[in-house]
Each structure stands twice: as structure tokens, then as C-alpha cells.
Amino acid sequence: MCGIAGIFHPDVPKPIDRARVKAMADVLAHRGPDGSGVWTAPGVGFGHRRLSIIDLRGGAQPMLTPDEKVAITFNGEIYNFREVRTELLVKGHAFRTESDTEVILAAWREWGPDCLSRLQGMFVFALYDAAADTLFLARDRLGVKPLYYVELADGALIFASELKGLLAHPSLRRGISAQAVDDYLAFGYVPDDACIVESVRKLPAGHYLLVRRGRDVPKPASWWDVDFSNPLTGKADALAEELTDIMRTAVRSRMVADVPLGAFLSGGVDSSSVVALMAEASRSAVETCSIGFDEADHDETRHAKLVADRFATRHRSRTVAADDFGLIDTLADAFDEPFADASALATYRVSELAREKVTVALSGDGADEAFAGYRRYRLFAAEERARALLPSGMGKALGRLGDAYPKLDWAPRFLRARTTLQAFGKESGEAYAEAVGVTPPALRSRLYSQSMRTALQGHRAEARYVQAMKEAPANNPLSRAQYADLKIWLPGDILTKVDRTSMAVSLEAREPLLDHRLVEFAARVPANMRLRGGTGKWLMKRAMGRYLPDEILHRRKMGFVTPISVWFRGPLAEEAAAIARGSALAELGWFDAGAIARLTTDHRSGKSDHGRLLWQLLMLDKSLQRLFGLGTSSGYMAAAK
């Protein structure tokens, strides 16, 4: 795993300042502490920070072809590089190293952009082809690895693995995107089609950008998509067997490394499945680790130990205090953009623990999206069945009833019907967009000042979900929701969280359950085998029945839970109150300080539970301070110009 950065002048080949490229790469040193390199040519420059995983001696970057006509800077891993290398050897290509980086160079020369379909892995790379005078930027199918880019006022195109790499360039104008702020409050993260810094873009998952000298920078082109519209017809047992084979292949391909390797183990179905398949393939004990909390309601270490004992792993666990909010500033630095998935605290801690022993860790991320594991899928599917039975006009009537129904945060779940009733009053896509979101439109609007409403110009964060579900290659509501999550939620939240927290401690995290062949297979599994009888991941659990006990397969999903609501009634209460007073949010002028003060008071008194929203506002405040210098008058003026 690595960090990359670079500069390309699409108009004319202006000289490149090596020191500037180096500075952009060096702020990514946490992604690659083992080595660095800079390469420049007229009109183009690449920087690289290396975390050595494969071919420790021969994989230095940026890497050039022997004739120095093609250069690459690459972040990620190509798991089938040896197979592709063999194919290229037959075609007459020669290799000087054992690295996957050199395989990409040869694959480009042989197939051009079509080389991407032959690569299995997680990756982002920039490649310059001198003969064609082109820059080629590419991102893996599901967006495991990130890439930011922007066009500067002088026409230069700059790019980097993280936003901080672009911010190291002195010519980047730091304007705040009001739409990205709204997106963030809606979902808890800034989606991949937006950025908190105006004009900065992220290369979408499964897309590439081919920039030719002398031409305008085009829009990214899609090179991969997932199709839910062509379901398989086999019986459950046969499909479960096929699924097991695909999972086994995905796990084994990700166990190739020239450095110590292990796995995260929470004791849930997904990480336990990965560990089971690793143990099956390994001659030695698998290194595993887990994080527990000192509050029983949030602790999963008992289940992790059960799995570790079952497969005789070398297991380590560490208990973290439930008030482990000392990481707030560390996370704000790691993510750059505001990020409010509070499980990032635990993900950082488990990455930190893993890095004490290994350089590569396999995770169980991705199965919930691919196989419908989230509770929201079950609720949405039930709502859609009910919606189909409602007489014309009844949905809107139920929606109005929901608007009048009290918000009972304190009550048992079966009495909290407000959200469900309101969902019936909306179109399917709109209802799901709000279900997957964090802060609904009405509440966001109450927080905004008039200047913010004006700046938004009618923007609605949920519209991207509605559009994705409308355009999804799918023939049922569940599949449309999963498709939208794979395109929006997965890269925006889950993969961003894992990438930034693991890279912050120089750990490479690999996600075997996001092998594209596995995701493509899951998309073809009939909907009633993904979600059946209220059980998500039904077929996957059936497949893993030979490996895992029922206590693991069928226990209530927990995940990394962080008690943020308790924090804002205790140790973080004053910090929450300060957001409404002298914070970056207050200086920005886009928020109603009185509205924020009221929700803080209501939360502290127990009248309402606004813990997640207060966490969002706190992390937004931290991000605005760091990125734009808000909190001082000079900072605001610089950001607002």
C-alpha cells in the first residue's frame, strides 16, 4: 500500500518543480513509510510513498519501462499479477522485477485502457505514456483505494491519494462547498461525487480518466459496473457451494505478501468467515486481533475469542475505554474531510493493534452490502411489500400521520413508528435515501441559516440515492437499494473509514469479501436467498455453516458501536455546547446558533437523543478548522473568497 501524488499540464508541457511534487507526496508518508521517489519529465511529475509488501527490493516507484517511455505511480495490490505476468511473458514482454507494478506497465503496453479488466485487486494508479502524450488515472472497481484530483487556475491537473496531498500545493484555492456540507450532514460522510473543498473531485470507483495533451480534461469514463438484473437459477445448496469456492479463492489470493499478515476478528459472521478460510489455507496459526470495550453492551471480544479458539489463531485483544474520545483530533487529521462514522474510533484502534505484529490485515468488510446484511434492508423490503398493497392515496395519508406521530427516542423500538409511517408518504427511492441517511432534510433545514439555504441553490443530498436506485440494473427494490449502497455508501463511508484508519498507522487492509467476482456473484443470487425470513446474508450463512457455529452465524449484528450519546451528556457536553458559540460553524455563518444550542440542551436533558448529530457537528467543526482555518477571522475570509 502506498501514497501517490502528481502534476500534469494538459495544455503545454510546462516545467515541473520536483520539490513541489515531493512535498505533495511527503504529506502522505503515513501511507508509505518505507521509501519515497519522484520522477519528472516535461509537463508531468509523479511522487510516491511506499509501504513495501511485494518484492521488497525491486518494487520502488515511480517505475518506468526500460525505454523510459511509460511511467507509473501506483497504490494498491494486484492479486492476480503472477497470472497476468505469465500471459504477458508469452506475448514477449520481459520483466526486471517480481512486482505487480511492473506488470501494470506491461499490461498497459499490451492492452491500453482495456488492461483494467484483467487486473484483480484494489488499486489507484497514474500512468504517463510519452508516445501518446497522455495521462491515465484509474481506480479499482469498488473504490477500495481513493484518488482526489483538481484543475488549478494555471491549467495544471494535480492528483493525490488523500486531500492533504492536494492541499500541499500552494495554488489550490480553498473554497468551502455548501453542497458537500449538506451531503455530509445527510449521510455522515462526503460522498465520492462531492468534496468539502470546492472544485476538488474524486475519481469514481470503477472509472478512469484519460487526459490527452492539448485537449480539455474529459469526464471520467466507467470501466466496470455490477448487474443485479440477471439472477441465477440454481438450488440453494449448489449456490452455497459455489459461493464457498469463490470466497475461498478471494481469501487465498489476498494472503500473498512478503511481510507479516493477519486479520481483524470481531466475532461477527464476516470477519469470522475470513479467518476460517485463512486458517484452512494456512500452515501456521493465523494472527488475529480484536478490540473490546469496557461496557458489556458494546463488547464483542467473547465471540471473537470463540472463533479464535475454534481455529487456533494467535489472537490478541485489547480493551478500550468507552470514553476513548481522545482520538477525535487524530481522526480529523486522518480523514481531512469531515467524517462522522463513530466506528472509525474502534477501527483505528484495531488497526493500531494489528500493526504491532503485522503489515497486512484482512478484514470482513463488504459482505453486508453484497449479501444484504444490514437491518435496513429487511425494513426496506418489508416497507416495499406493504407499499405495494396500499390503496391509492393511502401512502400519503400514512405519511401525514407519521409527521404528527411523536418522536419517541426513549421508547421501545416497536413504539417508534414515526419513521416507518413517514416512509410510506414518500417515493421508494426517497424513503430509502432517508433511511440510509443520518440527519433528515427537515432537521438539516432547521439548523441552516438563510445564507446557507441560498448557497445550496436547491441542492438535495438524497437526490443521488434516488437517481442511483432509478438507474440501477436491477428488477426488485432490495437489489436497487443494494446497488445504490455499493455505489454511494460503500466507497463513501465503509471503504473511506478502513483506508484512512489503517493507512494512518501504515497498515495495509485487504477486503476479500469485496473481490469483484464475489460481488458479481452476489448480485446474481436471487433476492430471496440474500434476504429470507428476516435473515440477511442468508446464502452466505448457509455456505459458512460448515465452518462456524450457530452462535456466530445467527447472533444479533453489533459491529463497532461507540457510545457517543453518553459522551455528549458527560465528558463532551461542554465541547458540544461550544459548537453553538465560538466554533468554526458559528464563524462560517451557515448555521443557526440558536437551533444548535437548543438541540444540545435537549440532548443533555435527555428530552431527545441527538448524539449522532452532535458528533457530526463536532467532526465538521474540526475539519473546517484544519482545512480552512476557521475559528479566526482571517481563516473565514480566506475560505469565503
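The following exchange goes through two helix contacts and one serine in a predicted model.

Modeller: Local features in this predicted model need pLDDT of at least 70, side-chain atom pairs count only at pLDDT 80 or more, and totals for chains, interfaces and linings use all residues. Residues are numbered from 1 along each chain as its sequence is written, and side-chain values use heavy atoms, with hydrogens and water left out.

Biologist: Why is α9 called roughly perpendicular to α10?

Modeller: The axes of helix α9 (residues 328-335) and helix α10 (residues 344-355) cross at roughly 85° and come within 11 Å; angles of 65 to 115 degrees count as roughly perpendicular, so α9 is roughly perpendicular to α10.

Biologist: Which residues make that contact?

Modeller: With contact meaning heavy atoms within 4.5 Å, T330, L331 and F335 of α9 meet A344, L345 and Y348 of α10.

Biologist: What makes α10 oblique to α20?

Modeller: The axes of α10 and helix α20 (residues 489-504) cross at roughly 40° and come within 8 Å; since angles under 35 degrees count as roughly parallel, over 145 as roughly antiparallel, and those outside these ranges and the perpendicular one as oblique, α10 is therefore oblique to α20. A344, T347, Y348 and S351 of α10 contact K497, T501, S502 and A504 of α20.

Biologist: How do you know whether S565 is buried or exposed?

Modeller: S565, found in helix α25 (residues 564-567), has 17% relative accessibility and therefore counts as buried, as buried means under 20% relative accessible area, exposed over 50%, and partly exposed in between, with a 1.4 Å probe and protein chains only. Leaving aside neighbours within four places in sequence, S565 is in contact with H603, D609 and G611.

How values were computed: Axes are lines fitted to C-alpha atoms, for helices over the stretch in contact, and angles run from 0 to 180 degrees between N-to-C directions. Helices (H or I, at least four residues) and strands (E, at least two) are DSSP runs, numbered from the N terminus.
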